[in-house]
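Me: Please take a close look at the charged side chains in this structure. I should like to know how they pair, how far they are covered, and what can be said about the nonpolar interior.

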Amino acid sequence: MNGDCDVCAICLEDLPEQPQQRAVTGCNHTFCHLCFLRLCTQPAYVQACPLCRAPMSLFTLRNGAGEPALQHNSTPRGLVFYQNGLPGVAAYHFDEDTPYISYANAPNTWRTRDGTKVPERKEFVDFSFHDHEFRGKIVWGENTLGGDAEWHYVIKFAPDFSRIVGGTIGKINIAGQRTGEHGYYPEDAAGLHYSLALDVWAGQVLRQLGVDA
């Protein structure tokens with residue numbers, strides 16, 4: 001099946017007449033816009049065409065008129081970022097009022113100084129959003145984690161907010177001294193690697209459109 005076909009391979013119905021209601025992949029396969037969004041809530045289809053399995057991205061998807069099929073994010077507010085594609089393993093949730101880190105699926109060995117497992121949710125304090133940058137702190141206090149009483153975050157996002165491309169986590173000890181830092185270096189295996197949780201984002205888009213995922 002190719003881009004000239006008039007049938008959506010997902011719902012097997014005729015493709016919408018309006019080009020804006022069609023989704024065209026880089027490999028020239030065409031689907032109903034909403035059918036494709038529903039499909040993208042399934043993690044296995046996030047980065048591969050459901051017909052030919054060619055690499056693709058939601059951020060390069062076009063409609064039948066050749067325009068971007070989805071509006072790019074203009075702020076990190078409301079977005080979720082997974083570390084190495086894993087939900088709940090130090091995942092960043094940039095909620096509007098209370099951004100937090102999710103440890104819901106963290107390893108059992110991640111424990112604070114008193115032996116307690118890290119909480120499922122740890123909220124940022126003193127946080128701020130600045131265009132493509134987020135700043136905030138995670139405070140552990142005397143019950144340190146890995147010897148750190150605080151983490152000071154500077155997070156820099158890609159222009160389309162598809163991933164984190166720079167910034168640092170400053171490590172602060174109980175005496176208030178900065179003892180080191182971790183860096184977000186997407187091209188470096190030693191750096192922290194975070195990307196947009198596309199399954200969560202696609203579900204948010206569907207809800208905004210009034211469509212059940």
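**Charged pairs and their surroundings**

Reply: Arg-121 has a relative accessibility of 39% and therefore counts as partly exposed, since that class lies between the 20% limit for buried and the 50% limit for exposed residues. The model is a predicted one. The side chain of Arg-121 forms a salt bridge with that of Glu-123, at an N to O distance of 3.5 Å. Glu-123 falls into the partly exposed class too, its relative accessible area being 40%. In total, the structure contains 6 salt bridges.

A further pair is made by Lys-137 and Asp-126, whose side chains meet at 3.9 Å, N to O. Asp-126 belongs to strand S7 (residues 125-130) and Lys-137 to strand S8, so this salt bridge ties together parts that stand 11 residues apart in sequence. The two partners are covered to unlike degrees: Asp-126 is exposed, at 60% relative accessibility, whereas Lys-137, at 27%, is partly exposed.

The pair Glu-133 and Arg-135 is also a salt bridge, with an N to O distance of 2.7 Å. Glu-133 has a relative accessible area of 17% and is buried, because the limit for that class is under 20%. Its partner Arg-135 is partly exposed, at 39% relative accessibility. As a general matter, side chains of opposite charge can pair when their charged atoms come close.

Charge of one sign also gathers on the surface. Asp-6, Glu-13, Asp-14 and Glu-17 form a negative surface patch. Of these, Asp-14 lies in the segment preceding strand S1 (22-24), and its relative accessible area of 60% makes it exposed.

The nonpolar interior completes the picture. The largest nonpolar core comprises 27 residues, and those that touch the most other members are Phe-81, Tyr-92, Tyr-153, Ile-155 and Tyr-184. Two or more residues each are given to this core by strands S8 (133-139), S9 (150-157), S10 (164-172) and S12 (194-196). S9 supplies the largest share, with 4 residues. Nonpolar side chains tend to be buried together in soluble globular proteins. Strand S8 thus appears in both accounts: it contributes to the core, and it holds Lys-137, the partner of Asp-126.

Note on methods
Residues numbered from 1 in each chain as written. Predicted model: local features only at pLDDT ≥ 70, side-chain atom pairs only at ≥ 80, totals over all residues. Heavy atoms only, no water. Patch = residues over 30% accessible without salt bridge, like charges linked within 9 Å, V, L, I, M, F, W, Y side chains within 5 Å. Areas by Shrake-Rupley, 256 points an atom, 1.4 Å probe, with all protein chains shown as cover. Salt bridge = Lys/Arg side-chain N within 4 Å of Asp/Glu carboxyl O. Lys, Arg positive; Asp, Glu negative; His and termini not counted. Charge placed at Lys NZ, Arg CZ, Asp CG, Glu CD. Buried < 20%, exposed > 50% of the residue type's maximum accessible area, 1.4 Å probe, protein only. Core = buried A, V, L, I, M, F, W, Y, C linked by side-chain atoms within 4.5 Å.
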